[in-house]
Amino acid sequence: MAISTLATGSATLPDRSAAGPARPTRRRVDWRGAAMIWGFAAPALVVYVGFVLVPVALAAVYSLFNWNGLGPLERFIGLDNYVRALGDPVFLGAIGHNLLIVALSLLIQGPLAIGIALLLNRRLRGRTLIRTLIFVPYVLSEVVAGLAFKLLLQPGGPFDAFLAGIGLGGVTQLWLADGQIVMGTLFFVLSWKYLGFAILLMLAGLQSVPDELAEAAAIDGASWWQIQRHITLPLLGPTIRIWAFLSMIGSLQLFDMVWVLTGGGPVNATTTMATYMVQYGFQRSQLGYGSAVAVILFVISLVFALLYQRLVLRRDLAGAVTRSA
Amino acid sequence: MTAATLRAPERRRRVDWGSPLAYVIALMCVIVTIAPVLFVILNGFRTTRQMTLDPSGLPAPWVLDNYVAVLQSGNFWIQLGNSAIAALTTTAGVVVLGVMAAFVIARYAFRGRDLLFSLFTAGLLFPLSVAVVPLFVMIKGLGLLGSVAGIVIPQIAFALPTTIIILVPFLRAIPGELEDAATIDGAGRFGFFWRIVLPLSGPGLVTVGVLAFVASWNSYLLPLLILGDPSHATLPLGVQAFSTTYSQDTAKVLAFTSIAMLPALVFFTIAQRRIVGGLTGAVKG
Amino acid sequence: MMNRSRITRTVAISASALLAVGALAGCGASGDDGGDGKVTITWWHNGTGDPLKSLWQDVADEFMAQHENVTVKVEAYQNEDLQRTLIPNALRSGSGVDLLQAWGGGELKDQVAAGYLMDITDQVQDTVDEIGPVVSGWQLEGKTYGLPFQYGIEGFWYNKDLFAQAGIDAVPTTLDELNEDVAKLKAAGITPIAVGAGDKWPAAHWWYNFVLKSCSPDVLRTAQAQFDFSDACFVEAGDELEDFLATEPFQEGFLATPAQQGAGSSAGLVATGKAAMELMGHWDPGVMGGILKDSGSQAEATAPPFLGWFNFPGIDGAQGDPTAALGGGDGFACAAWAPPECVELLQYIESEDVQKRFGASGAGLPVLPAAASSITDPNLQQVLEGLQSASYVQLWLDTTYGATVGGAMNDGIVALFGGQGTPEDIVTAMQNAAATL
């Protein structure tokens with residue numbers, strides 16, 4: 001009995017989520033025990049507080065100063081940096097770009113990933129190989145991907161040649177130079193990179209949908225589409241919600257890909273909050289201003305995350321952040 | 001139940017009918033996914049002149065010079081080494097610190113546990129970019145600027161939230177009876193952790209390890225600002241710097257890029273079953 | 001019951017982890033002084049293509065041959081990355097580079113104020129005297145922090161064949177004539193002007209030149225000293241530029257075109273005969289040669305044979321000095337932590353022999369008057385004449401004003417190019433940026 005439980009340890013996870021967290025060992029916490037507990041948690045806590053929380057707090061402090069990074073913090077200017085950032089049309093544009101990518105990811109990548117995952121969930125020969133290949137872009141660094149596409153999308157470059165080769169020569173645009181469509185190009189490259197991850201996540205979630213339910217519905221005469229709509233998709237809910245959260249946060253923090261692919265251009269058409277921070281903060285030696293931008297970025301992420309937790313994830317992660325278990 | 005068995009052959013036929021569509025979609029996905037990667041790798045075998053004259057052709061003749069030049073450049077090996085050291089150290093640090101913290105959070109009730117967990121979870125919201133300016137100042141103050149340790153420690157710190165969030169459900173699922181059995185054997189909490197929990201949490205550890213490794217290997221912003229000097233930097237920085245040094249010589253840049261891709265691809269091929277399995281477990285959790 | 005071997009193993013693992021972190025802390029720092037007399041100099045420059053790349057490598061090799069204990073590590077990086085990201089990062093971290101490219105002006109001023117650069121006044125006094133007044137861009141309060149190796153003025157590099165094809169028999173001397181020529185080229189189906197607006201500064205130089213021809217030298221000097229841009233001429237220059245932009249004289253997709261990278265860059269377009277002219281500094285023939293060589297069109301990195309040069313035309317009725325010129329140079333400086341051999345390397349670069357080879361390579365205009373005879377390219381000789389006859393030479397405005405104001409200025413100009421900003425916006429952005437200093 002014990003041995004089989006050992007072997008199938010992870011298989012008990014779905015049951016656990018339905019029943020609530022496993023009973024933690026009810027043991028009165030003695031001093032030695034407390035020492036051990038905090039001893040275990042301390043290293044992670046120290047590193048985390050020291051190199052995540054403290055810097056974030058420091059960023060908030062720096063944001064109140066006019067500081068070029070050298071010498072002491074002398075020129076306190078209160079909220080001027082924030083006023084300047086929120087009044088700068090380039091920064092507001094950057095926020096808009098981030099929000100646009102969030103929206104496009106949810107509306108386009110999500111359904112696309114779900115659809116493809118549903119179709120790939122059948123018994124296919126070479127399923128493992130297909131999954132591996134689809135996941136490859138996720139493993140590559142954003143820099144490598146951005147560079148490859150920058151070369152591919154040059155005017156008259158390989159992508160244009162490919163389009164001409166299949167008879168779509170008239171469709172070619174200045175993919176990276178036209179301010180109107182460059183966001184679309186950026187989104188296309190981002191999708192190329194992250195769709196595989198989304199598909200894999202959905203496939204993983206689909207595996208927890210019991211076959212018997214679909215079979216039973218099929219026996220009752222439900223069509224494939226009806227089965228998906230009424231059984232599979234709702235059960236896929238938790239996965240979709242987790243993916244949406246990760247996608248949202250990732251879209252808000254976007255930097256590497258944009259920096260390498262377009263540098264924020266042309267003429268600020270693809271700036272994101274993070275590229276704006278590096279360009280106006282670091283490159284202009286205005287670290288106080290850069291910190292203010294960073295804090296704004298964090299606040300926006302926080303608002304999104306809290307709203308999301310409250311409104312959407314409440315059922316799935318009961319007790320994770322908003323309440324104690 | 002009997003009806004189900006009777007219907008089984010019919011059901012299978014229904015699934016088979018849908019398959020061709022699935023194959024087509026799968027094929028299209030794979031092509032779109034792999035084509036750019038293949039393009040980069042194949043064009044490393046051409047000269048820039050070939051590329052200018054015929055942007056989408058195959059190498060004719062196959063030219064090894066670019067790849068050889070990259071492999072012979074001292075910078076490449078230094079950058080590769082730095083990336084490897086950084087990624088391995090980050091992974092080790094993240095896994096060790098993460099499993100220890102997740103273990104106590106998952107299995108023991110103590111004052112401050114929920115606060116601790118929330119603290120780590122909130123870390124998901126702190127993008128590295130927010131902390132990058134103060135981190136720069138801190139790392140400089142510690143004298144670690146320009147050294148690999150200067151990026152490893154922050155990377156460990158920022159990877160802890162994801163790690164702990166993934167590991168807590170894993171560790172929680174280990175049945176309480178095992179711990180009771182361990183206590184009876186006189187093992188104590190540490191023994192339980194060392195002899196039972198760690199081996200059992202293998203899949204979870206591999207998952208978070210792989211995620212941490214990939215994140216560290218691909219990270220760009222932090223090394224950009226902390227390491228600065230491309231000849232002592234990590235591979236993503238090296239790729240970018242190389243692309244500007246040889247901006248005229250596109251084929252050579254593509255050769256460097258494809259070699260830079262290789263470690264990640266190889267690593268992924270080896271670990272891919274674990275990654276998928278781990279994601280499955282994490283999603284269910 | 002703790003297994004003793006387990007404890008030992010734990011301790012061993014933790015200890016080695018600590019050791020590894022400790023080792024990492026030491027690893028990665030660039031060791032300039034190996035402690036045994038061996039010296040390494042890391043040299044960063046922007047000559048990513050031939051002939052400059054080979055020239056600097058030869059210089060490094062020769063220096064190493066003359067100084068046995070010195071190793072010179074030469075790295076070439078693309079100009080923008082080098083100037084905006086790599087050098088500032090390295091300077092901030094206090095290591096990584098010893099001999100760095102230095103453009104002078106306000107940028108140098110900021111670096112000196114931060115204590116990043118070595119004061120080389122005493123060592124290079126003779127060289128300073130030889131070079132002459134242009135060194136002032138690399139000096140501050142009488143002290144020398146860097147030396148220029150090339151200095152020239154900006155103008156139009158044009159394709160004589162294409163001009164002839166469009167029926168243009170004389171180069172334009174006024175803005176009106178330039179507009180006429182643009183129209184003639186368009187009528188002949190030729191892209192009139194290439195601009196690498198993707199890199200920002202090539203577009204910005206257009207505004208700088210318009211300002212130069214619209215503002216009197218006194219206004220410019222005040223602007224430089226006090227960041228005072230209140231004179232109406234700055235906005236007037238922008239208005240003139242806006243009108244010029246409205247004639248659509250540039251190539252398609254100019255907002256994302258780079259200046260110097262590959263055959264699709266603005267330099268590449270002119271070099272391959274796809275555009276008729278480009279407003280660029282004196283290094284352009286060298287860049288074009290490098291592009292032609294790397295793309296396989298030529299075996300040697302030489303400028304295309306059809307290349308000609310003319311000065312930026314004057315604007316009728318404007319206040320600027322019509323013979324004023326916008327110019328600048330490149331130089332090198334030693335970082336504050338560089339080994340003393342760095343200054344020797346710098347002086348070797350400035351030596352008459354190396355300067356003559358630089359001039360002969362066609363990569364640019366050597367700064368040493370004694371090397372002027374080595375310039376064989378007739379176009380570069382024209383540039384030199386232009387430099388010598390200019391009554392007032394203004395250093396590139398973004399270099400002059402420094403990264404904060406310069407960056408804001410360049411962004412404003414690019415917005416104007418993209419049809420999204422106004423001439424007033426440029427001045428406002430500069431004033432706002434200056435206010436934060």
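**Patches, buried helices and salt bridges**

Author: The largest share of the negative patch, 4 residues, comes from H10(C). Please keep in mind that this is a predicted model.

Reader: Which residues gather in that patch of negative charge on the surface?

Author: Six side chains are listed by name: Glu236(C), Asp239(C), Glu242(C), Asp243(C), Glu424(C) and Asp425(C). Asp and Glu count as negative, so a patch built from Glu and Asp residues is called negative.

Reader: Which helices of chain C each supply at least two residues of the negative patch?

Author: Helix H10, residues 233–246, and helix H17, residues 423–435, both do so. Glu236(C), for example, sits in helix H10 of chain C.

Reader: What makes Glu236(C) accessible enough for a patch, and how is its exposure classed?

Author: Its relative accessible area is 37%. A patch residue needs over 30%, and 37% passes that mark. The word "exposed" alone would take over 50%, while buried means under 20%; Glu236(C) falls in between, so it is called partly exposed.

Reader: Let's turn to chain A. Why is helix H7 of chain A called mostly covered?

Author: Of the 11 residues in this helix, which spans 142–152, 10 are buried. Each of those has under 20% relative accessible area, because that is what buried means. Among them are Glu142(A), Val143(A), Gly146(A), Phe149(A) and Leu152(A).

Reader: How do you know whether Ser291(A) is buried or exposed?

Author: Its relative accessibility is 1%. The limit for buried is under 20%, so Ser291(A) counts as buried. Ser291(A) belongs to helix H14 of chain A, residues 287–311.

Reader: Which residues does Ser291(A) touch, leaving out those up to four places away in sequence?

Author: In its own chain the partners are Ala59(A), Tyr62(A) and Ser63(A), and Val133(B) joins them from chain B. To be called a contact, heavy atoms must be within 4.5 Å.

Reader: How many residues of chain A and of chain B are buried, as a percentage?

Author: For chain A the figure is 52% of 325 residues. For chain B it is 64% of 285 residues.

Reader: What are the helices and strands in these two chains?

Author: Chain B has 13 helices and 0 strands, and its elements read α-α-α-α-α-α-α-α-α-α-α-α-α from the N terminus on. Chain A has 14 helices and 2 strands.

Reader: What share of the accessible surface belongs to carbon and sulfur atoms in each chain?

Author: In chain B these atoms hold 70% of about 10,900 Å². In chain A they supply 65% of about 14,600 Å².

Reader: Now for the charged pairs. How many salt bridges does a search of the whole structure find?

Author: The search gives 8 over all chains.

Reader: Why are Arg84(C) and Asp398(C) called a salt bridge?

Author: Their side chains are 3.7 Å apart, N to O. The limit is within 4 Å for an Arg nitrogen and an Asp oxygen, so the pair qualifies. Arg84(C) lies in helix H3 (residues 79–93) and Asp398(C) in helix H16 (residues 397–417) of chain C, so the bridge ties together parts 314 residues apart in sequence.

Reader: How are Arg84(C) and Asp398(C) classed for exposure?

Author: Arg84(C), with a relative accessible area of 29%, is partly exposed. Asp398(C) has 10%, and since buried means under 20%, Asp398(C) counts as buried.

Reader: What makes Asp218(C) and Arg221(C) a salt bridge, and how are they placed in their helix?

Author: The distance is 3.3 Å, N to O, and the cut-off is within 4 Å. These residues are 3 apart in helix H9 (residues 217–226) of chain C, so about one helical turn separates them. Asp218(C) is exposed, because its 53% is over the 50% mark. Arg221(C), at 46%, is partly exposed.

Reader: Which residues are linked in a network of salt bridges?

Author: Glu62(C), Asp353(C) and Arg357(C) form that network. The side chains of Asp353(C) and Arg357(C) meet at 3.2 Å, N to O. Since they are 4 residues apart in helix H14 (residues 352–361) of chain C, about one helical turn lies between them. Asp353(C) is partly exposed at 44%, and Arg357(C) is partly exposed at 25%.

Terms used
Residues numbered from 1 in each chain as written. Chains lettered and ligands numbered in written order. Predicted model: local features only at pLDDT ≥ 70, side-chain atom pairs only at ≥ 80, totals over all residues. Heavy atoms only, no water. Patch = residues over 30% accessible without salt bridge, like charges linked within 9 Å, V, L, I, M, F, W, Y side chains within 5 Å. Areas by Shrake-Rupley, 256 points an atom, 1.4 Å probe, with all protein chains shown as cover. Charge placed at Lys NZ, Arg CZ, Asp CG, Glu CD. Buried < 20%, exposed > 50% of the residue type's maximum accessible area, 1.4 Å probe, protein only.
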